[in-house]
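Me: I should like to learn how to read a protein model feature by feature. May we take the overall make-up before the details?

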Amino acid sequence: MSEQEIRAGAAVQVTAEAPFVNLRDPAQALGADGKPARSRRAPRWADVPDEKWDDWRWQLSNRVNDLEEIEGILELTDEEREGLSAPDKFRVDITPYFLSLIDPKDPNDPLRRQVIPLGREAQAFTGMMEDSLAEDRHSPVPGLVHRYPDRVLMLVTTQCASYCRYCTRSRIVGDASQNFNRKEHEAQLDYLRRTPQVRDVLISGGDGLTLAPRLLESILRGLREIPHIEIIRIGSRVPVFLPQRVDDELCAMLEKYHPLWINLHFNHPDEITPEVSRAVDKLTRAGLPVGNQSVLLAGVNDCVHIQRALVHKLVENRIRPYYLYQCDLVEGSGHFRTPVGKGLEIMEGLRGHTSGYAVPTYVIDAPGGGGKIPVMPNYLISYSDHKVVLRNYEGHITTYEEPPTYQRHDSASCTYCQHERPEPGQSGVLGLLEGERMWIEPKGFAEIHSRGNIEQHRLQDPAKWVPYGVGAIEGRSREALSVLGAGDASAAEPNGEKPEYGPGEEPRPREGEPTGSAHGELL
Ligand SMILES: *Cc1c(COP(=O)(O)O)cnc(C)c1O
Ligand code: SF4
(Lines give C-alpha, C1' and ligand atoms only; values in the text may rest on other atoms or scores of the structure.)
(Ligands and ions follow the chains in the order given, each with its own letter.)
Protein backbone atom coordinates (compact mmCIF):
# COMPACT_ATOMS: atom_id res chain seq x y z
CA MET A 1 0.00 0.00 0.00
CA SER A 2 1.26 3.43 -0.85
CA GLU A 3 1.45 6.10 1.79
CA GLN A 4 -1.53 7.83 0.19
CA GLU A 5 -3.68 4.73 0.32
CA ILE A 6 -2.80 4.20 3.97
CA ARG A 7 -3.81 7.78 4.73
CA ALA A 8 -7.08 7.43 2.83
CA GLY A 9 -7.84 4.20 4.72
CA ALA A 10 -7.15 5.88 8.03
CA ALA A 11 -9.50 8.74 7.10
CA VAL A 12 -12.33 6.28 6.34
CA GLN A 13 -11.80 4.58 9.68
CA VAL A 14 -11.95 7.90 11.53
CA THR A 15 -15.24 8.87 9.88
CA ALA A 16 -16.72 5.48 10.72
CA GLU A 17 -15.82 5.83 14.39
CA ALA A 18 -16.71 9.45 15.22
CA PRO A 19 -19.32 11.71 13.70
CA PHE A 20 -17.90 14.59 11.73
CA VAL A 21 -17.51 17.74 13.80
CA ASN A 22 -17.59 20.90 11.76
CA LEU A 23 -15.12 23.10 13.59
CA ARG A 24 -15.76 25.96 11.21
CA ASP A 25 -19.43 26.30 12.17
CA PRO A 26 -19.59 28.99 14.86
CA ALA A 27 -22.85 27.51 16.19
CA GLN A 28 -20.97 24.33 17.12
CA ALA A 29 -18.08 26.03 18.92
CA LEU A 30 -17.03 24.30 22.14
CA GLY A 31 -15.51 25.82 25.25
CA ALA A 32 -12.43 24.59 27.14
CA ASP A 33 -14.72 22.27 29.15
CA GLY A 34 -15.92 20.52 25.98
CA LYS A 35 -19.41 21.99 26.40
CA PRO A 36 -20.97 24.57 24.04
CA ALA A 37 -18.84 27.73 24.24
CA ARG A 38 -19.98 30.58 26.47
CA SER A 39 -18.98 34.19 26.58
CA ARG A 40 -17.61 36.02 29.60
CA ARG A 41 -19.78 36.60 32.62
CA ALA A 42 -19.11 39.59 34.90
CA PRO A 43 -17.97 38.56 38.44
CA ARG A 44 -21.15 40.14 39.83
CA TRP A 45 -23.15 37.18 38.43
CA ALA A 46 -20.57 34.42 38.89
CA ASP A 47 -22.86 32.53 41.28
CA VAL A 48 -25.99 32.58 39.13
CA PRO A 49 -26.74 28.99 38.04
CA ASP A 50 -26.59 28.40 34.28
CA GLU A 51 -30.30 27.52 34.04
CA LYS A 52 -31.15 30.98 35.31
CA TRP A 53 -28.53 32.77 33.26
CA ASP A 54 -29.79 31.01 30.11
CA ASP A 55 -33.41 31.90 30.84
CA TRP A 56 -34.48 35.02 28.96
CA ARG A 57 -37.03 35.90 31.60
CA TRP A 58 -34.28 35.98 34.23
CA GLN A 59 -32.12 38.16 31.97
CA LEU A 60 -34.97 40.60 31.39
CA SER A 61 -35.98 40.91 35.01
CA ASN A 62 -32.36 41.33 36.16
CA ARG A 63 -31.51 44.16 33.80
CA VAL A 64 -29.27 46.86 35.18
CA ASN A 65 -30.23 50.51 35.02
CA ASP A 66 -28.86 52.59 37.85
CA LEU A 67 -25.59 54.33 38.39
CA GLU A 68 -24.59 52.46 41.56
CA GLU A 69 -25.25 49.06 40.12
CA ILE A 70 -23.33 49.80 36.91
CA GLU A 71 -20.54 51.31 38.99
CA GLY A 72 -20.17 47.90 40.64
CA ILE A 73 -19.55 46.27 37.25
CA LEU A 74 -17.70 48.84 35.12
CA GLU A 75 -15.11 51.46 36.02
CA LEU A 76 -17.10 54.54 35.05
CA THR A 77 -15.68 57.82 33.77
CA ASP A 78 -16.93 61.20 35.01
CA GLU A 79 -18.76 61.74 31.76
CA GLU A 80 -20.52 58.40 32.05
CA ARG A 81 -21.53 59.27 35.61
CA GLU A 82 -22.90 62.54 34.31
CA GLY A 83 -24.81 60.72 31.57
CA LEU A 84 -26.20 58.13 33.96
CA SER A 85 -27.38 60.72 36.45
CA ALA A 86 -29.08 63.04 33.93
CA PRO A 87 -32.72 63.19 35.09
CA ASP A 88 -34.47 63.19 31.69
CA LYS A 89 -32.16 60.83 29.82
CA PHE A 90 -33.31 58.21 27.35
CA ARG A 91 -33.93 54.95 29.20
CA VAL A 92 -30.99 52.84 30.34
CA ASP A 93 -31.57 49.11 30.88
CA ILE A 94 -28.96 46.51 30.05
CA THR A 95 -29.19 42.73 30.20
CA PRO A 96 -26.60 41.05 32.47
CA TYR A 97 -25.52 39.03 29.41
CA PHE A 98 -24.69 42.12 27.33
CA LEU A 99 -23.16 44.10 30.20
CA SER A 100 -20.83 41.15 30.84
CA LEU A 101 -19.40 41.40 27.33
CA ILE A 102 -18.07 44.89 28.05
CA ASP A 103 -14.46 45.41 29.09
CA PRO A 104 -14.90 47.02 32.54
CA LYS A 105 -11.67 49.01 32.23
CA ASP A 106 -11.97 50.34 28.67
CA PRO A 107 -14.06 53.54 28.37
CA ASN A 108 -13.90 53.21 24.56
CA ASP A 109 -15.29 49.68 24.45
CA PRO A 110 -17.56 49.69 21.38
CA LEU A 111 -20.36 47.77 23.14
CA ARG A 112 -20.18 50.05 26.14
CA ARG A 113 -20.52 53.17 23.95
CA GLN A 114 -23.80 51.82 22.57
CA VAL A 115 -25.53 51.34 25.93
CA ILE A 116 -23.89 53.59 28.58
CA PRO A 117 -24.92 57.24 28.21
CA LEU A 118 -22.42 60.10 28.12
CA GLY A 119 -23.04 63.61 29.43
CA ARG A 120 -22.81 64.91 25.88
CA GLU A 121 -26.04 63.12 24.93
CA ALA A 122 -27.79 66.21 26.23
CA GLN A 123 -26.09 68.46 23.65
CA ALA A 124 -28.20 69.79 20.80
CA PHE A 125 -26.75 69.97 17.27
CA THR A 126 -27.65 71.64 13.96
CA GLY A 127 -30.35 69.74 12.13
CA MET A 128 -31.38 67.78 15.21
CA MET A 129 -35.00 66.64 15.26
CA GLU A 130 -37.19 64.71 17.66
CA ASP A 131 -38.89 62.69 14.93
CA SER A 132 -36.21 62.99 12.26
CA LEU A 133 -37.91 60.62 9.82
CA ALA A 134 -41.34 62.28 10.23
CA GLU A 135 -42.81 58.91 11.14
CA ASP A 136 -45.64 60.40 13.12
CA ARG A 137 -46.72 62.39 10.05
CA HIS A 138 -46.81 59.21 7.93
CA SER A 139 -48.93 57.24 10.39
CA PRO A 140 -52.54 56.63 9.34
CA VAL A 141 -53.13 54.88 12.69
CA PRO A 142 -50.87 55.01 15.76
CA GLY A 143 -47.71 52.97 15.30
CA LEU A 144 -48.21 52.17 11.62
CA VAL A 145 -45.89 54.06 9.27
CA HIS A 146 -47.05 53.90 5.67
CA ARG A 147 -44.33 55.69 3.72
CA TYR A 148 -43.69 53.41 0.75
CA PRO A 149 -46.31 52.30 -1.77
CA ASP A 150 -46.32 48.57 -1.04
CA ARG A 151 -44.98 48.13 2.48
CA VAL A 152 -45.48 49.40 6.01
CA LEU A 153 -43.60 49.63 9.25
CA MET A 154 -45.68 48.28 12.13
CA LEU A 155 -44.57 49.41 15.58
CA VAL A 156 -45.99 46.86 18.00
CA THR A 157 -44.24 47.83 21.23
CA THR A 158 -42.04 50.56 22.68
CA GLN A 159 -40.03 48.06 24.75
CA CYS A 160 -36.58 46.63 23.89
CA ALA A 161 -34.26 44.11 25.51
CA SER A 162 -31.73 46.91 26.12
CA TYR A 163 -31.61 50.50 24.87
CA CYS A 164 -29.23 51.92 22.26
CA ARG A 165 -28.04 55.44 22.90
CA TYR A 166 -28.47 56.47 19.24
CA CYS A 167 -32.01 55.09 18.87
CA THR A 168 -33.97 56.79 16.06
CA ARG A 169 -37.20 56.37 17.97
CA SER A 170 -36.01 57.54 21.38
CA ARG A 171 -39.06 59.86 21.38
CA ILE A 172 -41.28 56.87 22.20
CA VAL A 173 -39.02 53.85 22.74
CA GLY A 174 -38.44 52.79 26.34
CA ASP A 175 -41.48 54.70 27.56
CA ALA A 176 -43.92 52.19 29.03
CA SER A 177 -46.65 54.85 29.18
CA GLN A 178 -46.52 55.19 25.37
CA ASN A 179 -46.71 51.47 24.73
CA PHE A 180 -49.06 49.99 22.15
CA ASN A 181 -51.80 47.69 23.35
CA ARG A 182 -54.15 45.16 21.77
CA LYS A 183 -56.62 47.86 20.80
CA GLU A 184 -53.92 49.63 18.78
CA HIS A 185 -52.70 46.39 17.22
CA GLU A 186 -56.30 45.76 16.14
CA ALA A 187 -56.50 49.26 14.59
CA GLN A 188 -53.23 48.60 12.74
CA LEU A 189 -54.52 45.25 11.43
CA ASP A 190 -57.76 46.91 10.46
CA TYR A 191 -55.92 49.51 8.37
CA LEU A 192 -53.97 46.71 6.68
CA ARG A 193 -57.15 44.73 5.92
CA ARG A 194 -58.54 47.67 3.99
CA THR A 195 -55.28 48.66 2.28
CA PRO A 196 -54.70 46.05 -0.43
CA GLN A 197 -51.59 47.67 -1.88
CA VAL A 198 -49.61 46.61 1.19
CA ARG A 199 -47.81 43.33 0.46
CA ASP A 200 -44.94 43.57 2.98
CA VAL A 201 -45.19 44.32 6.72
CA LEU A 202 -42.13 45.11 8.80
CA ILE A 203 -42.71 44.49 12.51
CA SER A 204 -40.53 46.70 14.66
CA GLY A 205 -40.76 49.00 17.64
CA GLY A 206 -39.22 48.89 20.07
CA ASP A 207 -38.60 45.23 19.58
CA GLY A 208 -41.39 42.81 18.70
CA LEU A 209 -39.44 39.84 20.08
CA THR A 210 -39.76 41.28 23.61
CA LEU A 211 -43.54 40.86 23.47
CA ALA A 212 -45.19 38.08 25.40
CA PRO A 213 -44.99 35.08 23.03
CA ARG A 214 -48.79 34.76 22.82
CA LEU A 215 -49.27 38.42 21.99
CA LEU A 216 -46.64 38.28 19.25
CA GLU A 217 -48.28 35.17 17.84
CA SER A 218 -51.70 36.82 17.77
CA ILE A 219 -50.24 39.70 15.73
CA LEU A 220 -48.55 37.31 13.29
CA ARG A 221 -51.77 35.35 12.91
CA GLY A 222 -53.75 38.54 12.38
CA LEU A 223 -51.36 39.49 9.58
CA ARG A 224 -51.44 36.03 8.00
CA GLU A 225 -55.22 36.17 7.84
CA ILE A 226 -54.94 39.10 5.44
CA PRO A 227 -54.61 37.54 1.97
CA HIS A 228 -52.79 40.41 0.26
CA ILE A 229 -49.90 40.39 2.72
CA GLU A 230 -47.16 38.39 1.05
CA ILE A 231 -44.17 38.74 3.34
CA ILE A 232 -43.75 39.60 7.00
CA ARG A 233 -40.45 40.82 8.36
CA ILE A 234 -39.31 41.29 11.93
CA GLY A 235 -36.62 43.85 12.77
CA SER A 236 -35.03 42.88 16.07
CA ARG A 237 -32.07 43.50 18.30
CA VAL A 238 -33.14 40.84 20.78
CA PRO A 239 -30.62 38.26 19.47
CA VAL A 240 -27.87 40.82 20.19
CA PHE A 241 -28.89 41.80 23.73
CA LEU A 242 -30.70 38.64 24.71
CA PRO A 243 -29.84 35.64 22.50
CA GLN A 244 -31.41 33.38 25.16
CA ARG A 245 -34.79 34.58 23.89
CA VAL A 246 -34.36 32.68 20.61
CA ASP A 247 -35.39 29.29 21.93
CA ASP A 248 -36.94 26.28 20.22
CA GLU A 249 -40.41 27.32 21.31
CA LEU A 250 -40.09 30.75 19.71
CA CYS A 251 -38.72 29.28 16.46
CA ALA A 252 -41.50 26.69 16.30
CA MET A 253 -44.01 29.50 16.64
CA LEU A 254 -42.34 31.74 14.04
CA GLU A 255 -42.07 29.07 11.37
CA LYS A 256 -45.84 28.71 11.27
CA TYR A 257 -46.09 32.17 9.72
CA HIS A 258 -43.82 31.88 6.68
CA PRO A 259 -42.86 33.60 4.45
CA LEU A 260 -41.20 35.34 7.37
CA TRP A 261 -37.88 37.20 7.21
CA ILE A 262 -35.86 38.63 10.05
CA ASN A 263 -33.41 41.49 10.10
CA LEU A 264 -31.01 41.78 13.04
CA HIS A 265 -28.93 44.72 14.14
CA PHE A 266 -25.26 44.04 14.84
CA ASN A 267 -22.88 47.00 14.82
CA HIS A 268 -19.61 45.43 15.92
CA PRO A 269 -17.96 42.00 15.58
CA ASP A 270 -17.65 41.71 19.40
CA GLU A 271 -21.45 41.43 19.55
CA ILE A 272 -21.36 38.08 17.76
CA THR A 273 -20.76 35.61 20.58
CA PRO A 274 -21.19 31.80 20.71
CA GLU A 275 -24.64 32.38 22.27
CA VAL A 276 -25.56 34.60 19.32
CA SER A 277 -24.26 32.04 16.80
CA ARG A 278 -26.48 29.35 18.31
CA ALA A 279 -29.50 31.68 18.35
CA VAL A 280 -29.02 32.66 14.70
CA ASP A 281 -28.53 29.01 13.76
CA LYS A 282 -31.96 28.25 15.24
CA LEU A 283 -33.54 31.05 13.23
CA THR A 284 -32.04 29.87 9.95
CA ARG A 285 -33.06 26.27 10.72
CA ALA A 286 -36.60 27.50 11.22
CA GLY A 287 -36.37 28.75 7.64
CA LEU A 288 -36.09 32.48 8.29
CA PRO A 289 -33.65 34.30 6.02
CA VAL A 290 -31.56 36.41 8.38
CA GLY A 291 -30.29 39.87 7.43
CA ASN A 292 -28.43 42.56 9.31
CA GLN A 293 -28.52 46.31 9.44
CA SER A 294 -25.76 48.29 11.07
CA VAL A 295 -25.70 51.92 12.02
CA LEU A 296 -22.47 53.76 11.25
CA LEU A 297 -21.40 55.16 14.63
CA ALA A 298 -18.39 57.31 15.47
CA GLY A 299 -16.30 55.60 18.15
CA VAL A 300 -18.00 52.24 17.58
CA ASN A 301 -17.58 51.05 14.01
CA ASP A 302 -16.39 53.99 11.85
CA CYS A 303 -13.50 51.94 10.51
CA VAL A 304 -13.22 49.86 7.37
CA HIS A 305 -11.29 47.11 9.18
CA ILE A 306 -13.94 46.79 11.90
CA GLN A 307 -16.69 46.76 9.29
CA ARG A 308 -14.91 44.13 7.25
CA ALA A 309 -14.44 41.92 10.32
CA LEU A 310 -18.13 42.44 11.11
CA VAL A 311 -19.46 41.44 7.69
CA HIS A 312 -17.14 38.41 7.61
CA LYS A 313 -18.43 37.25 10.96
CA LEU A 314 -22.00 37.87 9.79
CA VAL A 315 -21.73 35.73 6.67
CA GLU A 316 -19.97 32.98 8.66
CA ASN A 317 -23.15 32.90 10.71
CA ARG A 318 -25.29 32.89 7.55
CA ILE A 319 -26.44 36.44 8.16
CA ARG A 320 -26.65 38.59 5.04
CA PRO A 321 -25.56 42.24 5.53
CA TYR A 322 -28.50 44.33 4.27
CA TYR A 323 -28.05 48.00 5.10
CA LEU A 324 -25.35 50.21 6.55
CA TYR A 325 -27.23 53.24 7.87
CA GLN A 326 -26.00 56.76 8.23
CA CYS A 327 -26.78 57.81 11.82
CA ASP A 328 -30.06 59.76 11.96
CA LEU A 329 -30.29 63.39 13.04
CA VAL A 330 -31.93 62.46 16.29
CA GLU A 331 -31.59 63.93 19.78
CA GLY A 332 -28.80 62.38 21.84
CA SER A 333 -26.88 61.03 18.85
CA GLY A 334 -24.77 64.08 17.89
CA HIS A 335 -21.51 62.54 19.10
CA PHE A 336 -22.14 59.35 17.07
CA ARG A 337 -22.41 61.14 13.74
CA THR A 338 -19.85 60.60 10.98
CA PRO A 339 -19.40 62.40 7.67
CA VAL A 340 -20.90 60.67 4.62
CA GLY A 341 -17.35 60.33 3.28
CA LYS A 342 -16.63 57.84 6.07
CA GLY A 343 -19.46 55.59 4.87
CA LEU A 344 -18.24 55.88 1.28
CA GLU A 345 -14.73 54.97 2.38
CA ILE A 346 -16.08 51.86 4.12
CA MET A 347 -18.04 50.83 1.03
CA GLU A 348 -14.93 51.35 -1.10
CA GLY A 349 -13.04 49.06 1.28
CA LEU A 350 -15.67 46.32 1.05
CA ARG A 351 -16.85 46.14 -2.56
CA GLY A 352 -14.58 43.85 -4.52
CA HIS A 353 -12.33 43.32 -1.51
CA THR A 354 -14.72 40.78 -0.08
CA SER A 355 -17.60 38.50 -1.16
CA GLY A 356 -20.51 40.31 -2.74
CA TYR A 357 -22.71 38.58 -0.15
CA ALA A 358 -20.85 40.42 2.57
CA VAL A 359 -21.44 43.91 1.15
CA PRO A 360 -24.41 45.89 2.50
CA THR A 361 -26.05 48.88 0.81
CA TYR A 362 -25.08 52.18 2.39
CA VAL A 363 -28.21 54.27 2.95
CA ILE A 364 -29.27 57.56 4.45
CA ASP A 365 -32.80 57.63 5.79
CA ALA A 366 -33.91 60.96 4.34
CA PRO A 367 -34.43 63.56 7.06
CA GLY A 368 -38.07 64.61 6.96
CA GLY A 369 -39.33 61.27 5.72
CA GLY A 370 -38.37 60.60 2.09
CA GLY A 371 -37.39 57.03 2.85
CA LYS A 372 -34.05 55.28 2.62
CA ILE A 373 -31.77 56.63 -0.06
CA PRO A 374 -28.78 54.61 -1.26
CA VAL A 375 -25.58 56.66 -1.27
CA MET A 376 -24.66 55.97 -4.87
CA PRO A 377 -24.95 57.57 -8.31
CA ASN A 378 -28.50 58.43 -9.47
CA TYR A 379 -29.41 59.14 -5.85
CA LEU A 380 -26.40 61.09 -4.62
CA ILE A 381 -26.80 64.27 -6.61
CA SER A 382 -24.17 66.49 -5.09
CA TYR A 383 -21.76 66.54 -2.21
CA SER A 384 -20.28 69.71 -0.74
CA ASP A 385 -18.09 70.18 2.33
CA HIS A 386 -21.09 70.32 4.64
CA LYS A 387 -24.13 69.03 2.80
CA VAL A 388 -25.22 66.09 0.70
CA VAL A 389 -28.00 66.47 -1.87
CA LEU A 390 -30.00 63.31 -2.44
CA ARG A 391 -32.93 62.14 -4.53
CA ASN A 392 -35.41 59.57 -3.26
CA TYR A 393 -37.12 56.85 -5.30
CA GLU A 394 -40.04 59.16 -6.12
CA GLY A 395 -37.82 61.95 -7.43
CA HIS A 396 -38.01 64.19 -4.37
CA ILE A 397 -34.81 66.06 -3.67
CA THR A 398 -33.63 66.36 -0.10
CA THR A 399 -30.48 67.30 1.80
CA TYR A 400 -28.48 65.81 4.63
CA GLU A 401 -26.38 68.14 6.75
CA GLU A 402 -22.94 66.76 7.61
CA PRO A 403 -21.84 66.84 11.27
CA PRO A 404 -19.89 70.03 12.04
CA THR A 405 -17.43 68.10 14.19
CA TYR A 406 -16.23 64.55 13.98
CA GLN A 407 -13.64 62.88 16.13
CA ARG A 408 -11.69 60.76 13.69
CA HIS A 409 -11.26 57.06 14.29
CA ASP A 410 -7.99 56.40 16.13
CA SER A 411 -6.15 53.79 14.03
CA ALA A 412 -3.20 53.66 16.40
CA SER A 413 -5.34 52.23 19.22
CA CYS A 414 -7.63 50.12 17.00
CA THR A 415 -6.69 46.44 17.05
CA TYR A 416 -8.55 45.90 13.77
CA CYS A 417 -6.43 48.57 12.06
CA GLN A 418 -3.28 47.11 13.58
CA HIS A 419 -4.17 43.66 12.24
CA GLU A 420 -5.35 44.78 8.85
CA ARG A 421 -6.22 41.86 6.59
CA PRO A 422 -3.45 41.74 3.96
CA GLU A 423 -4.30 41.81 0.25
CA PRO A 424 -1.07 40.74 -1.46
CA GLY A 425 -0.64 42.16 -4.94
CA GLN A 426 -3.87 44.15 -4.73
CA SER A 427 -2.80 47.75 -4.67
CA GLY A 428 -5.86 49.05 -6.55
CA VAL A 429 -5.71 52.73 -7.30
CA LEU A 430 -3.01 53.35 -4.72
CA GLY A 431 -0.35 53.55 -7.44
CA LEU A 432 -2.19 56.52 -8.92
CA LEU A 433 -2.66 58.25 -5.61
CA GLU A 434 0.96 57.78 -4.68
CA GLY A 435 2.15 59.09 -8.02
CA GLU A 436 3.79 55.86 -9.22
CA ARG A 437 1.81 56.00 -12.44
CA MET A 438 -0.52 58.32 -14.29
CA TRP A 439 -3.22 55.96 -15.57
CA ILE A 440 -4.58 52.44 -15.43
CA GLU A 441 -5.72 50.72 -18.62
CA PRO A 442 -8.47 48.12 -18.66
CA LYS A 443 -7.08 44.60 -18.43
CA GLY A 444 -5.80 43.27 -21.77
CA PHE A 445 -6.05 46.66 -23.49
CA ALA A 446 -2.30 47.05 -24.01
CA GLU A 447 -1.92 43.50 -25.37
CA ILE A 448 -4.60 43.98 -28.01
CA HIS A 449 -2.85 47.06 -29.30
CA SER A 450 0.66 45.68 -29.13
CA ARG A 451 -0.46 42.64 -31.13
CA GLY A 452 -1.90 44.98 -33.73
CA ASN A 453 -5.02 43.00 -33.10
CA ILE A 454 -7.29 45.95 -33.45
CA GLU A 455 -9.81 44.17 -35.67
CA GLN A 456 -10.83 42.11 -32.64
CA HIS A 457 -12.11 45.28 -31.19
CA ARG A 458 -15.72 45.20 -32.16
CA LEU A 459 -16.10 48.96 -32.24
CA GLN A 460 -13.23 49.35 -34.71
CA ASP A 461 -14.41 46.76 -37.21
CA PRO A 462 -16.81 48.37 -39.68
CA ALA A 463 -18.15 44.93 -40.56
CA LYS A 464 -19.30 44.43 -37.03
CA TRP A 465 -20.66 47.76 -36.04
CA VAL A 466 -22.51 50.18 -38.23
CA PRO A 467 -22.74 53.61 -36.71
CA TYR A 468 -26.00 54.60 -38.25
CA GLY A 469 -29.23 55.47 -36.62
CA VAL A 470 -28.46 59.14 -36.50
CA GLY A 471 -29.66 60.64 -39.79
CA ALA A 472 -29.85 57.24 -41.52
CA ILE A 473 -32.77 56.42 -43.77
CA GLU A 474 -34.13 52.90 -43.89
CA GLY A 475 -32.84 50.91 -46.83
CA ARG A 476 -30.07 53.37 -47.56
CA SER A 477 -27.43 52.07 -45.24
CA ARG A 478 -24.59 52.30 -47.77
CA GLU A 479 -25.27 55.94 -48.31
CA ALA A 480 -25.58 56.56 -44.60
CA LEU A 481 -22.31 54.82 -44.03
CA SER A 482 -20.44 56.86 -46.56
CA VAL A 483 -22.03 60.09 -45.29
CA LEU A 484 -20.94 59.26 -41.79
CA GLY A 485 -17.51 58.22 -43.05
CA ALA A 486 -17.67 55.03 -41.08
CA GLY A 487 -15.25 53.21 -43.33
CA ASP A 488 -15.67 51.00 -46.30
CA ALA A 489 -19.36 50.46 -46.99
CA SER A 490 -18.67 47.31 -48.99
CA ALA A 491 -17.05 45.79 -45.95
CA ALA A 492 -20.33 46.08 -44.15
CA GLU A 493 -22.18 44.16 -46.84
CA PRO A 494 -19.56 42.12 -48.64
CA ASN A 495 -22.01 40.23 -50.87
CA GLY A 496 -24.13 43.21 -51.69
CA GLU A 497 -26.94 41.60 -49.66
CA LYS A 498 -29.61 43.70 -48.08
CA PRO A 499 -28.82 44.38 -44.44
CA GLU A 500 -30.81 42.24 -42.00
CA TYR A 501 -31.16 45.07 -39.61
CA GLY A 502 -32.85 48.42 -39.58
CA PRO A 503 -31.51 51.83 -38.61
CA GLY A 504 -30.56 52.14 -34.99
CA GLU A 505 -30.33 48.36 -34.59
CA GLU A 506 -27.14 46.46 -34.02
CA PRO A 507 -26.25 43.87 -36.62
CA ARG A 508 -26.60 40.35 -35.25
CA PRO A 509 -23.27 38.55 -35.07
CA ARG A 510 -22.59 36.12 -37.89
CA GLU A 511 -21.59 32.51 -37.30
CA GLY A 512 -18.33 32.37 -35.33
CA GLU A 513 -18.26 36.08 -34.65
CA PRO A 514 -17.86 37.38 -31.11
CA THR A 515 -21.17 38.27 -29.50
CA GLY A 516 -22.07 41.28 -27.40
CA SER A 517 -21.05 39.49 -24.23
CA ALA A 518 -17.69 38.51 -25.68
CA HIS A 519 -17.20 42.16 -26.50
CA GLY A 520 -16.61 43.01 -22.86
CA GLU A 521 -13.86 40.38 -22.67
CA LEU A 522 -12.10 41.85 -25.68
CA LEU A 523 -11.88 45.20 -24.00
C1 LIG B 1 -37.14 50.90 6.44
C2 LIG B 1 -38.53 51.05 6.25
C3 LIG B 1 -39.26 50.15 5.45
C4 LIG B 1 -38.59 48.99 4.72
O5 LIG B 1 -37.73 49.48 3.74
P6 LIG B 1 -36.87 48.48 2.82
O7 LIG B 1 -35.94 49.39 2.08
O8 LIG B 1 -37.82 47.77 1.95
O9 LIG B 1 -36.16 47.54 3.74
C10 LIG B 1 -40.60 50.36 5.31
N11 LIG B 1 -41.22 51.41 5.90
C12 LIG B 1 -40.54 52.30 6.65
C13 LIG B 1 -41.27 53.44 7.25
C14 LIG B 1 -39.19 52.15 6.86
O15 LIG B 1 -38.51 53.03 7.63
S1 SF4 C 1 -33.16 47.98 19.84
FE2 SF4 C 1 -33.78 49.32 18.14
S3 SF4 C 1 -35.64 50.32 18.86
FE4 SF4 C 1 -34.61 49.46 20.66
S5 SF4 C 1 -33.33 51.10 21.47
FE6 SF4 C 1 -32.05 49.91 20.06
S7 SF4 C 1 -32.24 50.97 18.09
FE8 SF4 C 1 -33.93 51.67 19.40
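Reply: The protein has 20 helices and twelve strands. The model is a predicted one. Of its 523 residues, 47% are buried.

Me: What share of the contacts with a separation of 6 or more joins residues 24 or more positions apart?

Reply: That share is 72%. As for the outside, the accessible surface of the protein is about 27200 Å², and carbon and sulfur atoms hold 52% of this area.

Me: How should I read the two faces of a strand, and which residues of strand S11 are on the covered face?

Reply: The general idea is that side chains in a regular strand alternate between the two faces of the sheet. In strand S11, residues 387-391, the covered face has Val 388 and Leu 390. Lys 387, Val 389 and Arg 391 are on the uncovered face.

Me: In which sense do S10 and S11 pair, parallel or antiparallel?

Reply: Strand S10, residues 380-383, pairs with S11 in the antiparallel sense, over three bridges. Val 388 in S11 is the bridge partner of Tyr 383. The two strands, S10 and S11, form a hairpin, and three residues lie between them.

Me: Over how many bridges do S11 and strand S12 pair?

Reply: S11 and S12, the latter covering residues 397-401, pair over five bridges in the antiparallel sense. Leu 390 has Thr 398 in S12 as its bridge partner. S11 and S12 form a hairpin as well, with five residues between them. In that turn Gly 395 has a positive phi of about 100°. Val 388 and Leu 390, the covered-face residues of S11, thus serve as examples for both pairings: Val 388 is bridged to Tyr 383, and Leu 390 to Thr 398.

Me: Let us turn to the ligands. Which residues surround ligand 1?

Reply: A ligand is read through the shell of residues around it. For ligand 1 the shell consists of Val 145, Arg 147, Tyr 148, Arg 151, Leu 153, Leu 202, Arg 233, Tyr 322, Tyr 323 and Lys 372. By class, six of these residues are nonpolar, none is polar and four are charged.

Me: Which side chains have an N or O atom 2.7 Å or 2.5 Å from an oxygen atom of ligand 1?

Reply: The distance of 2.7 Å belongs to the side chain of Arg 151, and that of 2.5 Å to the side chain of Tyr 323. In addition, a polar side-chain atom of Lys 372 is 3.0 Å from an oxygen atom of the ligand. Ligand 1 taken alone exposes 390 Å², and the protein buries 92% of that area. Strand S2 (151-155) and strand S7 (320-326) are the elements that give two or more residues to this shell.

Me: What are the residues around ligand 2?

Reply: They are Cys 160, Tyr 163, Cys 164, Cys 167, Val 173, Gly 206 and Arg 237. This shell has five nonpolar residues, one polar and one charged.

Me: Finally, how may I read a single residue, and where is Arg 38?

Reply: One may take its place, its exposure and its contacts in turn. Arg 38 is in the loop between helix H1 (3-17) and helix H2 (50-53). Its relative accessible area is 38%, so Arg 38 is partly exposed.

Me: With which residues is Arg 38 in contact, leaving aside its neighbours within four places in sequence?

Reply: Arg 38 is in contact with Asp 50, Trp 53, Asp 54, Pro 274 and Glu 275. With Asp 54 there is a polar contact between the side chains, at 2.7 Å. Glu 275 is 237 residues from Arg 38 in sequence, yet the C-alpha atoms of the two are 6.5 Å apart.

Definitions and conventions. Residues numbered from 1 in each chain as written. Chains lettered and ligands numbered in written order. Predicted model: local features only at pLDDT ≥ 70, side-chain atom pairs only at ≥ 80, totals over all residues. Heavy atoms only, no water. Buried < 20%, exposed > 50% of the residue type's maximum accessible area, 1.4 Å probe, protein only. Helix = DSSP H or I, 4+ residues; strand = E, 2+ residues; numbered from the N terminus. Pairing = 2+ DSSP bridges. Near = heavy atom within 4 Å. Polar contact = N/O pair within 3.5 Å; in protein donor to acceptor, adjacent residues only side chain to side chain. Areas by Shrake-Rupley, 256 points an atom, 1.4 Å probe, with all protein chains shown as cover. Nonpolar A, V, L, I, M, F, W, Y, C, P; charged D, E, K, R; others polar. Contact = heavy atoms within 4.5 Å.
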